[in-house]
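Hi everyone, thanks for making time. I'd like to walk you through one structure today, so please have the viewer open and follow along.

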Amino acid sequence: MNVTLFKKELINYSKEIKINKIGFASANTFETLKQRLIDQKELGYQSGFEESDIKKRTTPQLLLPKARSIISIALAYPSKMKKPPRSTKDDRRGIFCRASWGKDYHLLLREKMNLIEAFIKDKYPEAKILSMVDTGELSDRAVAERAGIGWSGKNCAIITPEFGSYVYLGELITNIPFEPDQPIEEGCGTCNKCVDACPTSALVQGGQLDSSKCIAFLTQTKGFLPDQYRKKIGNRLYGCDTCQTVCPENRGKDFHFHVEMEPDPKIAKPSLKPLLTMSNREFKEKFGHVSGSWRGKKPIQRNAIIALAHFKDEASLPILEKLLNDDPRPVIRGTAAWAIGKIGQKDYLAVLEKRLELEEDQEVRNEIQKGIQLLEACKGE
Ligand code: B12
Ligand code: SF4
Ligand code: SF4
């Protein structure tokens with residue numbers, strides 16, 4: 001096999017199938033990452049969504065015996081929506097982060113990686129390949145950084161000079177000894193905008209995230225949202241883009257290469273009130289194809305309730321009252337109670353007091369009490 005020539009052929013093929021950037025890395029153990037992951041775990045900074053076996057995460061040979069190289073791919077995604085619907089007083093809207101616009105990116109990257117795999121196998125049927133995106137063991141960012149796709153920004157993202165940080169990443173481990181590309185130079189310099197702009201100070205320092213404080217993480221949890229983050233989450237239903245939108249490297253970066261990534265504005269920025277009464281089936285039909293639905297309906301509904309509280313949306317009070325009294329899920333009942341208090345219509349004090357007499361779940365009772373306190377406080381105004 002002439003590996004140098006084959007690498008060129010593969011790069012050309014990747015362009016044909018609309019992969020926006022490709023890079024090659026060695027399959028050596030990720031030593032710096034290993035220590036970083038150990039530190040993050042000890043500090044309690046991990047999200048729990050990552051693979052827990054640090055050895056597997058950092059040793060490609062454990063995943064594919066005789067691994068010699070890793071091919072990293074990046075697909076650029078849009079940062080601007082065409083004709084976004086306006087959030088008005090009568091029709092308040094929430095927002096899904098950009099990584100959840102259009103068709104679930106896991107499927108798009110998987111399609112591209114399958115094509116690459118077939119291309120390689122066609123030439124070298126004996127080749128061994130293992131591909132992954134997001135849910136695999138490897139750190140997609142560490143691979144991309146090593147393969148020269150982009151540098152690791154202070155906002156933690158891989159930033160490409162061409163497309164900014166709005167790129168999805170995936171990789172294929174192979175037993176082919178492709179010549180590695182060189183990592184690119186770090187480009188943040190003295191800038192610190194993302195760290196300063198993070199609403200919850202989750203970026204404890206450039207390049208280090210405390211996931212437990214990160215809104216992107218918090219929007220995906222299933223329990224009650226801790227009080228101190230309820231205001232900060234605003235109208236975000238899934239994910240958070242702040243540390244990317246403030247980044248000067250993303251200025252003017254908005255790519256529409258892949259038609260599947262085009263958001264349906266009504267889905268990416270949905271009306272909040274209809275979300276609260278949506279059946280499972282309706283949710284699946286409307287949101288099932290976007291990556292932001294992977295945790296199911298409950299976290300999105302909880303966030304929608306918080307967003308309505310944020311907007312002090314009085315028209316949502318009857319729906320919230322119904323949720324408080326009838327919803328079988330404690331998180332939804334409790335968050336609704338708190339939101340009723342936050343919206344601040346004193347007439348609803350009786351609703352909360354009545355519910356407190358019937359409610360048996362302690363956490364929900366706590367939320368009702370918070371709601372009552374909020375309403376009593378505005379009673380005196
Ligand atoms: C768990 C996870 C999360 C967690 C934790 C994120 C985090 N920063 O660790 C949560 C839920 C918070 C999250 C949020 C988001 N995520 Co996420 N997430 C992942 C996942 C599954 C694992 C990440 C991980 O292991 N983190 C642990 C840290 C320690 O390692 P790492 O970031 O992977 O690797 C870097 C660091 O270790 C650093 N490093 C190593 N040693 C040292 C030492 C020092 C001193 C320093 C400074 C740094 C450093 O270098 C590595 C390379 O950059 C990956 C997919 C995957 N399998 O890799 C996607 C992934 C990272 N997420 C992605 C995206 C898009 C997001 C969001 C932008 C989504 C959104 N809009 O809400 C946010 C961004 C939040 C942020 N600022 O990071 C993309 C990133 C694409 C890109 N261009 O970088 C990925 C790669 C998914 C994909 N395949 O495209 N995510
Ligand atoms: S995603 Fe949001 S909360 Fe998380 S680090 Fe970035 S700005 Fe902070
Ligand atoms: S905002 Fe500045 S510091 Fe943060 S990632 Fe972008 S360039 Fe780097």
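Let's start at cysteine 156, which counts as partly exposed because it has 18 C-beta neighbours inside 10 Å. Buried would take 20 or more. You'll find cysteine 156 in the loop that runs between strand 5 (151–152) and strand 6 (158–159). Have a look at its backbone: phi is positive, about 80 degrees, although the residue is not a glycine. Please keep in mind that what we're looking at is a predicted model.

Lysine 18 is another residue to click on. Its phi is near 65 degrees, again a positive value in a residue other than glycine. Lysine 18 sits in the loop between helix 1 (3–16) and strand 1 (21–26). With 13 C-beta neighbours inside 10 Å, lysine 18 counts as partly exposed.

Now let's zoom out. The protein has 18 helices and ten strands. Along the principal axes, its C-alpha trace spans about 80 × 40 × 40 Å. How does the radius of gyration of the protein stand against that of a compact globule? For 381 residues, such a globule would have a radius of gyration near 21 Å, and the protein has 23 Å, which agrees. Of those 381 residues, 42% count as buried. If you like contact maps, here is one for you: among contacts with a separation of 6 or more, 77% join residues 24 or more positions apart.

On to the domains. The protein divides into domain 1, made of 3–82 + 99–174, and domain 2, covering 193–379. Their C-alpha centres are 31 Å apart. Where they touch, 33 residues of domain 1 are in contact with 33 residues of domain 2. On the domain 1 side, strand 2 (69–76) and helix 5 (105–123) are the elements that give two or more residues. Helix 5 gives the most, with three residues. By class, that side of domain 1 holds 15 nonpolar, 13 polar and five charged residues.

Let's turn to the ligands, beginning with ligand 1. Its shell counts 39 residues, and the closest are Arg36, Ser152, Gly207, Ala216 and Gly239. Which elements give two or more residues to that shell? They are helix 2 (31–43), helix 6 (140–146), strand 7 (167–174), strand 9 (208–209) and helix 8 (215–218). Helix 2 has the largest share, five residues. The shell around ligand 1 breaks down into 19 nonpolar, 13 polar and seven charged residues. Domain 1 and domain 2 each contribute at least three residues to the shell around ligand 1.

Ligand 2 has 13 residues around it, and those that come nearest are Cys198, Cys214, Cys240, Thr242 and Cys243. Helix 8 turns up again here: helix 8 and helix 10 (242–245) each supply at least two residues of this shell. How do the residues around ligand 2 split by class? Ten are nonpolar, three are polar and none is charged.

Then there is ligand 3. From the earlier part of the chain, its surroundings include Gly153, Lys154 and Asn155, and further along there are Cys188, Cys191, Asn192, Lys193 and Cys194. Val246, Cys247, Pro248 and Glu249 also belong to the residues surrounding ligand 3. That shell divides into six nonpolar, three polar and three charged residues. Why do we say that ligand 3 lies between domain 1 and domain 2? Because both domains give residues to its shell.

I'd like to finish with a single helix, helix 15, residues 317–326. Its buried residues are Leu320, Leu323 and Leu324. They cover an arc of only 100 degrees around the axis, so they sit on the same side of helix 15. What do these buried residues pack against? Their partners are helix 12 (272–276), helix 14 (297–310), helix 16 (330–343) and helix 17 (349–358). On the face turned away from the buried side, helix 15 carries the exposed residues Pro318 and Asp326. If you rotate the view about that helix, you can look from the leucines Leu320, Leu323 and Leu324 on its buried side round to Pro318 and Asp326 on the face turned away.

That's my tour. Thanks for listening, and I'm happy to go back to any part of it.

Methods: Residues are numbered from 1 along each chain as its sequence is written. Chains are lettered from A and ligands numbered from 1 in the order in which they are written. This is a predicted model: local features need pLDDT of at least 70, side-chain atom pairs count only at pLDDT 80 or more; totals for chains, interfaces and linings use all residues. A residue is near a molecule or strand if its C-beta atom, placed from the backbone, lies within 6 Å of it. Helices (H or I, at least four residues) and strands (E, at least two) are DSSP runs, numbered from the N terminus. Ala, Val, Leu, Ile, Met, Phe, Trp, Tyr, Cys and Pro count as nonpolar, Asp, Glu, Lys and Arg as charged, and the others, Gly among them, as polar. Domain bounds come from an automatic or database domain assignment. The radius of gyration is taken over C-alpha atoms; the globule rule is 2.2 Å times the number of residues to the power 0.38. A residue is buried if 20 or more other C-beta atoms lie within 10 Å of its own, exposed if 12 or fewer, and partly exposed in between; C-beta atoms are placed from the backbone. Two residues are in contact if their C-beta atoms, placed from the backbone, lie within 7 Å. The arc is that of the directions from the helix axis to the C-beta atoms.
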